[in-house]
Amino acid sequence: MSPLKKKKLNIIRKKLDKLDNSLINIIKKRTLLVNDVIKLKEYKKEIVDKKRISKILKNIRKKSIKRNIDPKITKRIWINMIYAYIEFERKNFKKK
């Protein structure tokens, strides 16, 4: 790789790192909201809401297409996030 390309790559990577920091802050906010959700649920069986998951994924697909983002990428990200939070809810659920 030429020195110029390497310099450009480093600039792009710094921008990616800054964006990753923003994502971490958003994930923290999302986690706090999920904690609020856990407090409202009475039974462990309420953790997985397949209709809601389906609705979320359909909306993400529409928004991705509208913004010219490959919907396969966003679908994979959201599925992983949804199931990570399902596990988080199961681990932190303290009721019946």
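S64 turns out to be buried in this predicted model, with a relative accessible area of just 3%. That value sits under the 20% cut-off, which is why S64 gets the buried label. The residue has its place in helix α2. Leaving out anything up to four places away in sequence, S64 touches I69, P71 and T74.

One of those partners, T74, is worth following up. T74 belongs to helix α3, and at 8% relative accessibility T74 counts as buried too, because 8% is also under 20%. With residues up to four places away again set aside, T74 touches I60, S64 and I69. So the S64 and T74 pair shows up from either end: T74 is on the list for S64, and S64 is on the list for T74. I69 appears among the partners of S64 and also among those of T74.

I73, likewise found in helix α3, tells another story. I73 is partly exposed, with a relative accessible area of 47%; this value falls between the 20% and 50% limits, so neither the buried nor the exposed label applies. In space, the C-alpha atom of I73 is separated by 9.6 Å from that of R61, and the two residues are 12 apart along the chain.

Between α2 and α3 there is a loop, and N68 lies in it. Here the backbone does something to look at: N68 has a positive phi of about 60°, although N68 is not a glycine. N68 is exposed as well, at 72% relative accessible area, because that is over the 50% limit.

The loop between α1 and α2 holds I47. Unlike N68, which is exposed, I47 counts as buried, at 5% relative accessibility. Apart from residues up to four places away in sequence, I47 touches K41, I86, E89, R90 and F93. I47 and Y85 are 38 residues apart in sequence, and their C-alpha atoms are 9.5 Å apart in space.

That brings up the core. In soluble globular proteins, nonpolar side chains tend to be buried together. In this model, the largest nonpolar core has 11 residues, namely V34, I38, I47, I53, I56, I60, M81, I82, Y85, I86 and F93. Helices α1 (3-40), α2 (50-66) and α3 (71-92) are the elements that each give two or more residues to this core. The largest share, 4 residues, comes from α3. As for I53, a member of the core, its contacts beyond neighbours within four places in sequence are V48, I82, Y83 and I86.

Zooming out, the protein chain has 3 helices and 0 strands, and reading along the sequence gives the pattern α-α-α. A compact globule of 96 residues would have a radius of gyration near 12 Å, whereas the protein chain comes in at 18 Å. Along the principal axes, the C-alpha atoms fill a box of roughly 60 × 25 × 20 Å. Of the 96 residues, 18% count as buried, S64, T74 and I47 being residues with that label. Even so, of the contacts with a separation of 6 or more, 76% come from residues 24 or more positions apart.

At the surface, the protein chain exposes about 8700 Å², and carbon and sulfur atoms supply 59% of that. On the charge side, the protein chain carries 33 positive and 9 negative charges, and the mean positions of the two sets are 7 Å apart.

Key:
Residues numbered from 1 in each chain as written. Predicted model: local features only at pLDDT ≥ 70, side-chain atom pairs only at ≥ 80, totals over all residues. Heavy atoms only, no water. Rg over C-alpha atoms; globule rule 2.2 N^0.38 Å. Buried < 20%, exposed > 50% of the residue type's maximum accessible area, 1.4 Å probe, protein only. Contact = heavy atoms within 4.5 Å. Areas by Shrake-Rupley, 256 points an atom, 1.4 Å probe, with all protein chains shown as cover. Lys, Arg positive; Asp, Glu negative; His and termini not counted. Charge placed at Lys NZ, Arg CZ, Asp CG, Glu CD. Core = buried A, V, L, I, M, F, W, Y, C linked by side-chain atoms within 4.5 Å.
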